[in-house]
Amino acid sequence: MFMVNYDDGRTAYLWIDDPAKASDTWAVGVIAQAQQEQGSLPEGTITSIRRVR
């Protein structure tokens, strides 16, 4: 599980099932962007993504 922080102070959570992708920082960013495009994550400028679990 990852915590996604936005420039306006909002926080969302992102779950990635694939352990290989979850350990790759670049892949996590790409997945977050794809989730935004699909509407699973809120729109906005992501400032950071941090593993929380």
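Select Asn 5 and Thr 11 to begin, and display their side chains, which are joined by a polar contact of 3.3 Å. The coordinates on screen belong to a predicted model, and the distances quoted along this tour are computed from it. Asn 5 sits in strand S1, and it counts as buried because its relative accessibility is 18%, under the 20% cut-off. Expanding the selection around Asn 5, and setting aside residues up to four places away in sequence, brings in Arg 10, Thr 11, Thr 45, Ile 46, Thr 47 and Ser 48 as the residues that Asn 5 touches.

Before moving on, colour the chain by pLDDT. The average over the chain is 94, and 100% of the residues score at least 70. Among the elements, S1 has the highest mean pLDDT, at 97, while H1 has the lowest, at 90.

Next, select Tyr 13, which lies in strand S2. Once neighbours within four places in sequence are left aside, Tyr 13 is in contact with Met 1, Phe 2, Met 3, Leu 41 and Val 52. If you add Ser 40 to the selection, you can check a distance across the sequence: the two residues are 27 apart along the chain, and the C-alpha atoms of Tyr 13 and Ser 40 are separated by 9.8 Å.

Now turn to helix H2 by selecting residues 25–38, a run of 14 residues that reaches 20 Å from its first C-alpha to its last, close to the 20 Å expected at 1.5 Å a residue. At the start of H2, show the side chain of Asp 24, one oxygen of which comes to within 3.1 Å of the backbone nitrogen of Trp 26. Just after H2, select Gly 39, whose phi is positive, at about 90°.

Which residues of H2 are buried? Select Ala 27, Val 28, Ala 32 and Gln 36, for these are the buried residues of the helix. An α-helix has 3.6 residues a turn, so residues three or four places apart point the same way. What covers the buried residues of H2 includes strand S1 (2–6), strand S2 (11–14), helix H1 (19–22) and strand S3 (46–51), so displaying these elements together with the helix shows the cover in place.

Stay in helix H2 and centre the view on Gln 36, which at 11% relative accessibility counts as buried. The side chain of Gln 36 reaches the backbone oxygen of Gly 44 at 3.0 Å. Apart from residues up to four places away in sequence, Gln 36 touches Tyr 6, Leu 41, Pro 42, Glu 43, Gly 44 and Ile 46. Ile 46 is also among the residues touched by Asn 5, where the tour began.

Finally, zoom out to the whole chain. Its secondary structure comes to two helices and three strands, which follow the pattern β-β-α-α-β when read along the sequence. The radius of gyration is 10 Å, close to the 10 Å that the globule rule gives for 53 residues, so the chain is as compact as a globular protein of that length. Along its principal axes, the C-alpha trace spans about 30 × 20 × 15 Å. Of the contacts with a separation of 6 or more, 52% are between residues 24 or more positions apart. Buried residues make up 26% of the 53 residues, and if you switch on a surface representation, the accessible surface of the chain comes to about 3700 Å², with 50% belonging to carbon and sulfur atoms.

Conventions: Residues are numbered from 1 along each chain as its sequence is written. This is a predicted model: local features need pLDDT of at least 70, side-chain atom pairs count only at pLDDT 80 or more; totals for chains, interfaces and linings use all residues. Side-chain values use heavy atoms; hydrogens and water are left out. Helices (H or I, at least four residues) and strands (E, at least two) are DSSP runs, numbered from the N terminus. The expected span of a helix is 1.5 Å times one less than its number of residues. Buried means under 20% relative accessible area, exposed over 50%, partly exposed in between (1.4 Å probe, protein chains only). Contact means heavy atoms within 4.5 Å. A polar contact is a pair of N or O atoms within 3.5 Å; within protein, one must be able to donate a hydrogen and the other to accept it, and residues adjacent in sequence count only if both atoms are side-chain atoms. pLDDT is the predictor's confidence in each residue, from 0 to 100. The radius of gyration is taken over C-alpha atoms; the globule rule is 2.2 Å times the number of residues to the power 0.38. Accessible areas come from the Shrake-Rupley method with a 1.4 Å probe; for residues, only the protein chains shown count as cover.
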